Amino acid sequence: MLDIKLPGLDLKNPIMPASGCFGFGREYAELYDLSILGGIAIKSATIEPRFGNPTPRIAETPSGMLNAIGLQNPGVDKIIETELPFLKQYDTQILANVAGASEEDYIEVIKRLNDCPEVHAYELNISCPNVKHGGIGLGSDPILAANITRMAKAVATKPVWVKLSPNVTNIVEIAKAVEEAGADGLVLINTLLGMRLDLHSAKPIIANTTGGLSGPAIKPIAIRMVYQVYQAVDVPIIGVGGITCAEDVLEFLYAGASAVQVGMYNFVDPYICPKIIEQLPTVLKKYGCKSVKDAIGRSHV
Amino acid sequence: MLDIKLPGLDLKNPIMPASGCFGFGREYAELYDLSILGGIAIKSATIEPRFGNPTPRIAETPSGMLNAIGLQNPGVDKIIETELPFLKQYDTQILANVAGASEEDYIEVIKRLNDCPEVHAYELNISCPNVKHGGIGLGSDPILAANITRMAKAVATKPVWVKLSPNVTNIVEIAKAVEEAGADGLVLINTLLGMRLDLHSAKPIIANTTGGLSGPAIKPIAIRMVYQVYQAVDVPIIGVGGITCAEDVLEFLYAGASAVQVGMYNFVDPYICPKIIEQLPTVLKKYGCKSVKDAIGRSHV
Amino acid sequence: MIVSKDAVLGNVEIAKDTFEMILRPQHMPTILPGQFVNIKLDGFMLRRPISVSSVNHNCYKIIYKVVGDGTKALSKVKKGQILDVLEPLGTPFPIDDLDEVLIIGGGVGVPPLFEVAKQFRDKQTKVTVVLGFNDKESMFYEDDFAFLGCDVYVATMDGSYGTKGTVLDAIAEHNITIDTIYSCGPMRMLEALNQTYTKGYLSFEARMACGIGTCMGCVCKDSKDKQLYYRICKEGPVFPIGKVAFEC
Amino acid sequence: MIVSKDAVLGNVEIAKDTFEMILRPQHMPTILPGQFVNIKLDGFMLRRPISVSSVNHNCYKIIYKVVGDGTKALSKVKKGQILDVLEPLGTPFPIDDLDEVLIIGGGVGVPPLFEVAKQFRDKQTKVTVVLGFNDKESMFYEDDFAFLGCDVYVATMDGSYGTKGTVLDAIAEHNITIDTIYSCGPMRMLEALNQTYTKGYLSFEARMACGIGTCMGCVCKDSKDKQLYYRICKEGPVFPIGKVAFEC
Ligand SMILES: Cc1cc2nc3c(=O)[nH]c(=O)nc-3n(C[C@H](O)[C@H](O)[C@H](O)COP(=O)(O)OP(=O)(O)OC[C@H]3O[C@@H](n4cnc5c(N)ncnc54)[C@H](O)[C@@H]3O)c2cc1C
Ligand SMILES: Cc1cc2nc3c(=O)[nH]c(=O)nc-3n(C[C@H](O)[C@H](O)[C@H](O)COP(=O)(O)OP(=O)(O)OC[C@H]3O[C@@H](n4cnc5c(N)ncnc54)[C@H](O)[C@@H]3O)c2cc1C
Ligand SMILES: Cc1cc2nc3c(=O)[nH]c(=O)nc-3n(C[C@H](O)[C@H](O)[C@H](O)COP(=O)(O)O)c2cc1C
Ligand SMILES: Cc1cc2nc3c(=O)[nH]c(=O)nc-3n(C[C@H](O)[C@H](O)[C@H](O)COP(=O)(O)O)c2cc1C
Ligand code: FES
Ligand code: FES
């Protein structure tokens with residue numbers, strides 16, 4: 001009832017933690033068996049290890065939060081060496097999020113991950129708002145977005161999902177460009193660019209000035225984008241943005257998502273993913289859906 | 001301490017209700033004396049009377065709401081005939097919000113309002129996400145935005161403020177284009193395009209499918225945009241988006257706003273504007289600001 | 001209209017998922033039958049509009065059904081808590097001079113009609129009441145209307161009590177021929193009544209943001225002049241039958 | 001680490017804007033000195049990290065200062081309420097074998113040091129305590145440390161009690177020469193201690209999202225190897241003195 005087969009991802013249920021909100025699973029593995037998860041989108045991997053941005057990197061907002069982690073990660077080689085072997089012990093699907101400061105960086109990360117059987121698909125992060133010369137430019141221009149997708153597809157031995165930025169005038173245009181360039185699926189949405197000022201110092205709370213807004217506050221925007229993009233493309237969509245419960249998941253499925261990712265709510269309730277997986281069958285039934293597949297795109301019929 | 005002089009608007013304090021969230025003041029006039037307000041941004045005026053979109057037009061969201069009113073208004077002639085004379089009795093500044101389905105519509109509305117001494121300045125709404133052939137296109141393209149601004153300036157006998165849409169890749173580009181075209185000031189931001197689905201019917205709750213997201217949820221985005229635009233333009237900015245208290249006002253002033261508008265929170269607390277005006281001096285003092293002028297742009301020094 | 005801090009004097013379940021709450025304002029305003037209040041709840045952005053079901057010297061009652069998160073939170077409110085309420089709102093049912101009147105309530109449309117019945121009975125008007133519910137467990141206030149001295153008939157959709165079917169089925173079964181109606185209930189019921197009757201008043205619902213007439217969120221069109229519109233929160237929620245268009 | 005529903009057994013103001021709360025978990029976990037808990041509050045998105053100040057058989061204490069909306073909401077929590085808490089988190093202060101130790105606390109950095117003092121005293125270690133506060137009204141726990149059998153010295157910035165100035169001024173005034181310190185307090189104080197002492201431990205703060213080591217929100221750099229970093233919520237909040245870089 002919960003299973004869904006997507007490019008590269010044979011999911012036993014449509015729930016996966018979102019990139020950057022679950023590390024490489026180690027901390028959550030102490031709390032529950034990661035094998036119950038449909039999949040895991042692991043933290044963005046870059047070629048070099050990255051320390052990320054200065055702190056503070058976190059600020060609270062109404063029904064949301066800002067973050068400016070800056071893609072801190074140990075680098076792809078270290079991830080291959082220590083994190084993937086750890087994740088291998090779990091029966092779940094791994095979506096490897098790929099980032100970089102240049103197109104070449106992305107390609108190099110993919111090349112190194114191609115040989116790792118633990119990785120089932122790639123998630124190109126062309127949308128992180130916290131890296132200076134990085135993804136944001138790629139994700140807000142249809143030509144650049146299509147270009148990096150094409151380059152990734154040319155070297156990737158696994159399906160390529162592209163994670164889009166919501167900070168654009170026309171998400172449909174970008175989605176279509178990326179689809180045409182060969183993307184196997186789309187992930188919507190990354191964070192919205194936001195800011196908070198400290199009233200005492202008058203300075204931004206986030207050291208990097210701006211941060212990415214996530215959480216329930218952005219859910220209406222994420223739903224709108226999934227809904228619009230679903231009408232315009234044929235590849236499957238993974239929905240993300242503000243999910244806190246099984247009802248939220250259903251809303252994303254209705255809008256057109258085939259699976260979902262749970263981001264910052266893992267911080268609020270570390271057991272949120274298992275809870276949602278447990279409640280989803282009841283919620284599907286309550287609203288008259290026989291299965292996850294039955295619910296996908298229901299708003300459009 | 002609270003006063004601030006802006007193009008066309010000689011404000012006794014920087015607080016005004018936002019367009020569409022205060023009607024033409026009649027309902028609030030029963031609750032308090034409108035003369036205490038710095039100004040009032042009245043409901044968008046169009047050439048013809050408009051009924052607006054079908055209902056439901058309202059949906060609640062986490063720390064916010066969606067609306068798809070669709071610029072319902074009695075038309076500019078009726079406004080001139082019945083609403084402006086009513087507002088005339090109050091000692092406050094009137095910012096007349098102007099909208100239309102075509103450039104010509106905007107110009108015609110401005111022409112008719114030019115002779116009304118009750119109106120102190122115009123607010124071009126090139127950003128309403130709820131009108132089909134309307135503003136949204138204008139507000140998301142720098143060339144179109146500059147063009148309508150230039151046309152408006154050519155006929156307007158009062159200063160022209162331009163209210164920008166946040167649903168764009170690059171707000172700074174639009175702001176600069178509009179400034180170059182002669183705008184006397186900018187109003188940031190209108191609502192973000194969002195959506196909610198009903199879990200029973202799987203259909204959008206808003207009859208018009210999508211709606212504009214406002215409220216505290218969007219404040220971090222509004223603050224970010226005011227901050228970025230302040231660094232790029234020389235004209236003054238009126239900040240709007242998610243204000244619920246005097247502390248929020250201070251955050252907008254710090255980011256670079258010279259005055260602010262309070263939108264949907266008027267619905268939650270009909271006395272919110274007088275409350276903020278009352279508390280603002282205390283809050284300014286608490287954080288070491290001698291006056292409103294002293295607080296403007298403080299984050300940038 | 002005032003913004004009031006109302007003390008909760010009681011909050012009990014009177015039928016399936018249906019609660020009755022007693023509220024005491026700081027200064028009791030005049031509340032007329034059919035008017036509603038708009039309640040702020042912690043953690044929710046918009047206020048919840050609920051009709052006043054009955055008014056006393058210094059307090060009033062509301063009856064509400066738990067249908068979502070807001071009404072669920074309301075059901076958890078404890079005696080002694082204070083709620084932030086805008087009250088009263090909207091245009092009331094006029095209590096006209098009539099010999100007899102037919103009151104028709106459906107589900108949580110029943111509450112505002114109780115004060116209507118009370119005021120008609122105070123004027124010695126003969127009051128016949130037809131109530132419609134989904135099932136027996138959802139039923140409430142049959143006895144309360146009877147205690148006012150009304151003739152009361154009930155219909156349930158599943159036939160678990162009274163006439164099986166809608167309020168119109170009950171009206172037919174009991175040969176009720178009174179031609180002036182006061183009604184509130186689901187849209188489909190109001191639409192059916194709108195086609196059957198020509199005299200009386202209907203009370204409507206709409207998703208509201210402000211509840212006081214400024215946001216234009218709750219409008220409906222005039223049944224004849226499609227340029228003319230009304231705000232359900234201000235010119236409504238009560239309208240003379242036939243005045244309002246049902247498609248919108 | 002567990003997610004627990006903790007019962008509030010008490011919540012009282014013990015100094016200016018400073019509250020002491022007693023919490024009883026469903027199943028009391030082992031909580032070591034210097035560890036913290038992460039508290040969910042209604043209406044706030046992120047949890048609030050607060051150090052455990054003292055542990056007993058089936059309950060523990062926290063001491064917190066009202067500095068913003070979250071701690072204000074916490075101060076309004078009533079005895080008997082249930083809080084959603086992640087506990088315990090972070091790496092504790094090791095209670096090393098020492099003859100004597102100097103405990104230095106600043107403001108709301110004082111709380112975690114109380115359990116440290118308690119455990120050292122249980123091991124018969126001589127404990128000298130220097131506490132720094134803004135003013136006399138903000139002071140707390142001088143007596144409690146004394147009751148454990150510690151020598152206690154206080155500094156206040158405005159001189160309204162004890163030594164006028166910082167904890168370092170008090171240490172100088174009283175000629176305290178103990179060279180192993182356990183400390184927690186504001187960044188500037190920790191930085192000064194980091195330059196003065198070479199033995200002991202410091203406990204840090206950072207804005208946190210997860211509190212359990214996954215979000216990378218709370219990192220700091222190693223003082224020597226700028227490629228090496230630590231998560232304050234996981235490898236910290238307690239670090240050997242000298243280990244952590246102060247610019248970040
Ligand atoms: C004038 C008026 C009088 C009413 N009187 C009563 C009454 O006496 N008893 C009673 O049980 N209900 C009454 N209602 C309906 C009641 O307002 C809704 O059931 C309630 O708002 C649902 O809130 P929720 O959070 O539980 O549901 P949710 O669906 O979670 O609410 C989400 C949003 O939708 C709005 N909404 C949802 N359903 C409705 C609805 N049917 N009408 C208007 N807004 C809705 C809510 O106000 C909120 O803004 C009345 C509505 C109006 C407009
Ligand atoms: C490991 C650790 C232990 C702590 N122990 C204590 C203690 O024992 N007693 C005590 O009074 N305080 C302690 N603090 C600080 C306490 O967490 C903050 O004062 C509190 O989170 C402020 O919340 P607020 O909502 O009142 O302030 P706001 O400024 O409104 O909070 C907004 C956001 O910023 C965060 N934040 C604000 N100030 C701080 C801060 N100084 N450190 C971390 N996050 C902050 C909040 O958690 C929240 O996410 C500790 C912090 C950490 C990291
Ligand atoms: C602390 C934090 C770190 C994140 N890091 C990444 C990242 O490394 N790569 C990425 O593609 N998205 C990252 N994201 C974005 C999330 O994957 C997700 O798209 C976004 O948070 C919206 O989902 P949410 O509202 O459920 O949090 C991060 C989000 C947060 C809150
Ligand atoms: C119900 C409603 C109606 C609105 N109508 C208009 C309008 O007619 N013209 C306009 O420029 N903005 C309109 N807005 C946008 C507001 O003026 C404001 O820009 C936006 O709501 C953000 O502010 P807030 O978060 O304080 O509500 C409307 C907003 C709401 C909620
Ligand atoms: S609810 Fe705002 S006008 Fe009726
Ligand atoms: S707070 Fe998330 S890693 Fe420390």
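This passage walks through how the chains of a predicted model sit together, how some of their helices pack, and where a few backbone oddities turn up.

Start with the chains as whole units. Three pairs of chains are in contact, and among these pairs chains A and B share the most contacts. Not every pairing touches, though. Chain A stays out of contact with chain C, and the nearest C-alpha atoms of these two chains are 10 Å apart. Chains C and D don't touch either, with 6 Å between their nearest C-alpha atoms.

Chains A and B also match up neatly as copies. A turn of 180 degrees, with a shift of 0.0 Å along the axis, lays chain A on chain B with an RMSD of 0.0 Å. The two copies are therefore related as by a two-fold rotation axis. Both copies use the same surface for their contact, as 100% of the contact residues of chain A recur in chain B.

Chain C brings in another level of organisation, namely domains. Its domain assignment lists domain 1, covering 2-89, and domain 2, covering 100-205. Taken over C-alpha atoms, the centres of these two domains of chain C are 23 Å apart. The domains do meet: 16 residues from domain 1 of chain C and 15 residues from domain 2 of chain C take part in the contact.

Next comes helix packing. Two packed helices are described by the angle between their axes and the distance between the axes. In chain A, helix α5 spans residues 142-155 and helix α6 spans residues 171-180; their axes come within 8 Å and cross at roughly 30 degrees. Angles under 35 degrees count as roughly parallel, so α5(A) and α6(A) are roughly parallel to each other. Their crossing is right-handed. On the α5(A) side, the contact is made by A:P142, A:A145, A:A146 and A:T149, while α6(A) supplies A:E173, A:I174, A:A177 and A:V178. Sorted by class, this contact of α5(A) with α6(A) has six nonpolar residues, one polar and one charged.

What about the helices with these numbers in chain B? There, helix α5 (residues 142-155) packs with helix α6 (residues 171-180) at an angle of about 30 degrees, and their axes are 8 Å apart. That angle makes α5(B) roughly parallel to α6(B). The way α5(B) passes α6(B) is a right-handed crossing. In this pair, B:P142, B:A145, B:A146 and B:T149 of α5(B) meet B:E173, B:I174, B:A177 and B:V178 of α6(B). The class split for α5(B) with α6(B) comes out as six nonpolar, one polar and one charged.

Chain B has another helix pair to look at. Helix α8 (residues 246-255) of chain B packs with helix α10 (residues 272-286) of chain B at an angle of about 60 degrees, with 8 Å between their axes. Here, too, the crossing is right-handed, as α8(B) passes α10(B). From α8(B) come B:A246, B:E247, B:V249 and B:L250, and these meet B:I276, B:Q279, B:L280, B:V283 and B:L284 in α10(B). Seven nonpolar residues, one polar and one charged make up the contact of α8(B) with α10(B).

Finally, a few spots in the backbone deserve a look. Going from B:T55 to B:P56, the peptide bond is cis, with omega near 0 degrees. B:P56 sits in a loop of chain B, between β4 (39-45) and β5 (58-61). Chain D has a cis peptide bond as well, joining D:G236 and D:P237, with omega at about 10 degrees. D:P237 is in a loop too, the one between β14 (229-231) and β15 (238-240) of chain D. Back in chain B, B:A202 isn't a glycine, yet it has a positive phi of about 65 degrees. The loop that holds B:A202 runs between β11 (192-194) and β12 (211-214) of chain B.

Technical notes
Residues numbered from 1 in each chain as written. Chains lettered and ligands numbered in written order. Predicted model: local features only at pLDDT ≥ 70, side-chain atom pairs only at ≥ 80, totals over all residues. Heavy atoms only, no water. Least-squares fit on C-alpha atoms with pLDDT ≥ 70 in both. Contact = heavy atoms within 4.5 Å. Axes fitted to C-alpha atoms, helices over the stretch in contact; angles between N-to-C directions. Helix = DSSP H or I, 4+ residues; strand = E, 2+ residues; numbered from the N terminus. Parallel < 35°, antiparallel > 145°, perpendicular 65-115°, else oblique. Left-handed = near helix turned anticlockwise from the far one by under 90°. Nonpolar A, V, L, I, M, F, W, Y, C, P; charged D, E, K, R; others polar. Domains from an automatic or database assignment.
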